[in-house]
Amino acid sequence: MKPIEVFAVVGAGGLAAFGLYTYARSRPKAEETVPGIPPQVPTHPGVSGQERTSLCQVLTGYRSKLKEYEDLRADAEKKMRDLESLAQGNCRSYAQDPTFQYHCNGFPICGINEWWTVSGTQTNQDAYNACMTFLQAGGGLEQRKHPKKEGSSWDDTWADIDRINSQIGAAYNQVQNLRNQYQEAQRQAEEARQQINNLRRRIADLEAQGVFC
């Protein structure tokens, strides 16, 4: 026999031996069965009375469930981000403070005829931060309401103060609703994370035992 033929035979024998070794270490373990059908293992339509499941089926089922819970977690986390975006506008409305402009007709004796108007609003940063913190972590959120300043020089501001207070109240109610939705999304994300961690441990345990398929 030529040297190259000997090499080919030896090589083929080595590959065959390696294949048998791999089969002996992985396939038989994957084909071992366990009693019952774990919840993570999909069953075939129309098949009933199955009492044992191969470890390969178990591993495949775990991987399928892992993907499912990873998708659930991603959906819940996206919803949380969407709710945060919605809350930002509502929290700005909730955190409105009126800004006032002084008017005088009769300078330098302004006391004869002076008045104030609402020239706009500004964001109360502490109130805004408290609103966003409430959305994400819960707790309590103060109901804000600006008082009307007394006196005839302020009467031009009263309608604007009512309008701002109405916007604050509507935003407060909306943030309460968003908080309920955010809390539910948080719960779903956390439950999915727990399932993911559990399934990853189970998959790692099976692979550590030599189950590959």
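## Exercises on helices and salt bridges

The structure holds 12 salt bridges. Bear in mind as you work that this is a predicted model. Let's go through it together, one exercise at a time.

### Exercise 1: Get your bearings

Find out how many helices and strands there are in the chain, and in what order the elements run.

**Solution.**
- Step 1. Begin by counting: the chain has 5 helices and 4 strands.
- Step 2. Now follow the chain from the N terminus, and the elements come in the order α-α-β-β-α-β-β-α-α.
- Step 3. Turn to burial: 27% of the 213 residues of the chain count as buried.
- Step 4. Finish with the contacts between residues at least 6 apart in sequence: 65% of these join residues at least 24 apart.

### Exercise 2: Describe how helices pack

Work out how helix α3 packs with α5, and then how α3 packs with α4.

**Solution.**
- Step 1. Know what to look for: a packed pair of helices is described by the angle between the axes and the distance between them.
- Step 2. Take helix α3 (residues 55-94) and α5: the angle is about 160 degrees, and the axes are 7 Å apart.
- Step 3. Angles over 145 degrees count as roughly antiparallel, and α3 and α5 are therefore roughly antiparallel to each other.
- Step 4. Add the handedness: α3 and α5 cross in a left-handed way.
- Step 5. Move on to α3 and helix α4 (residues 125-137), which pack at about 145 degrees with their axes 9 Å apart.
- Step 6. The crossing of α3 and α4 is right-handed.
- Step 7. Look at who meets whom: the α3 residues here include Leu83, Ala87 and Cys91, and the α4 residues include Tyr128, Met132 and Leu135.

### Exercise 3: Trace the salt bridges between α3 and α5

Find which residue forms a salt bridge with Arg200, and which one with Arg193.

**Solution.**
- Step 1. Recall the idea behind the pairing: side chains of opposite charge can pair when their charged atoms come close.
- Step 2. Arg200 forms a salt bridge with Glu70, and their closest N and O atoms are 3.2 Å apart.
- Step 3. Arg200 lies in helix α5 and Glu70 in helix α3, so this pair ties together parts that are 130 residues apart in sequence.
- Step 4. Check exposure: Arg200 is partly exposed with a relative accessible area of 41%, and Glu70 is partly exposed at 24%.
- Step 5. Arg193 pairs with Glu77, again with closest N and O atoms 3.2 Å apart.
- Step 6. Arg193 sits in helix α5 and Glu77 in helix α3, 116 residues apart, and the pair links distant parts of the chain.
- Step 7. Arg193 counts as partly exposed at 30% relative accessibility, and Glu77 is partly exposed at 28%.

### Exercise 4: A salt bridge in another place

Locate Arg144 and Asp97, and decide whether each is buried or exposed.

**Solution.**
- Step 1. The side chains of Arg144 and Asp97 meet in a salt bridge, 2.6 Å from N to O.
- Step 2. Arg144 lies in the loop between α4 and α5, while Asp97 lies in strand β3 (residues 96-104), so the pair ties together parts 47 residues apart in sequence.
- Step 3. The cut-off for buried is under 20% relative accessible area.
- Step 4. Arg144 has 15% relative accessibility and so counts as buried.
- Step 5. Asp97, at 16% relative accessibility, counts as buried.
- Step 6. To round off the salt bridges, note one network: Glu77, Glu190 and Arg193 are joined by salt bridges that share partners.

### Exercise 5: An arginine without a partner

Find where Arg179 is placed, and what the nearest side chain of opposite charge is.

**Solution.**
- Step 1. Arg179 is placed in helix α5 (residues 158-208).
- Step 2. Arg179 is buried yet has no salt bridge.
- Step 3. The nearest side chain of opposite charge is Glu84, 9.0 Å away, whereas a salt bridge needs the atoms within 4 Å.
- Step 4. Leaving out residues up to four places away in sequence, Arg179 touches Phe134, Leu135, Gln136, Ala137, Gly138 and Gln186.

### Exercise 6: Far in sequence

Take Tyr62 and Ala74 and work out how far apart each is from its listed α5 arginine, in sequence and in space.

**Solution.**
- Step 1. Tyr62 is placed in helix α3, and at 7% relative accessibility Tyr62 counts as buried.
- Step 2. Tyr62 and Arg200 are 138 residues apart in sequence and 8.2 Å apart in space, C-alpha to C-alpha.
- Step 3. Ala74 is found in helix α3 too, and is partly exposed with a relative accessible area of 39%.
- Step 4. Ala74 and Arg193 are 119 residues apart in sequence, with 10.0 Å from C-alpha to C-alpha.

Key
Residues numbered from 1 in each chain as written. Predicted model: local features only at pLDDT ≥ 70, side-chain atom pairs only at ≥ 80, totals over all residues. Heavy atoms only, no water. Helix = DSSP H or I, 4+ residues; strand = E, 2+ residues; numbered from the N terminus. Buried < 20%, exposed > 50% of the residue type's maximum accessible area, 1.4 Å probe, protein only. Lys, Arg positive; Asp, Glu negative; His and termini not counted. Contact = heavy atoms within 4.5 Å. Axes fitted to C-alpha atoms, helices over the stretch in contact; angles between N-to-C directions. Parallel < 35°, antiparallel > 145°, perpendicular 65-115°, else oblique. Left-handed = near helix turned anticlockwise from the far one by under 90°.
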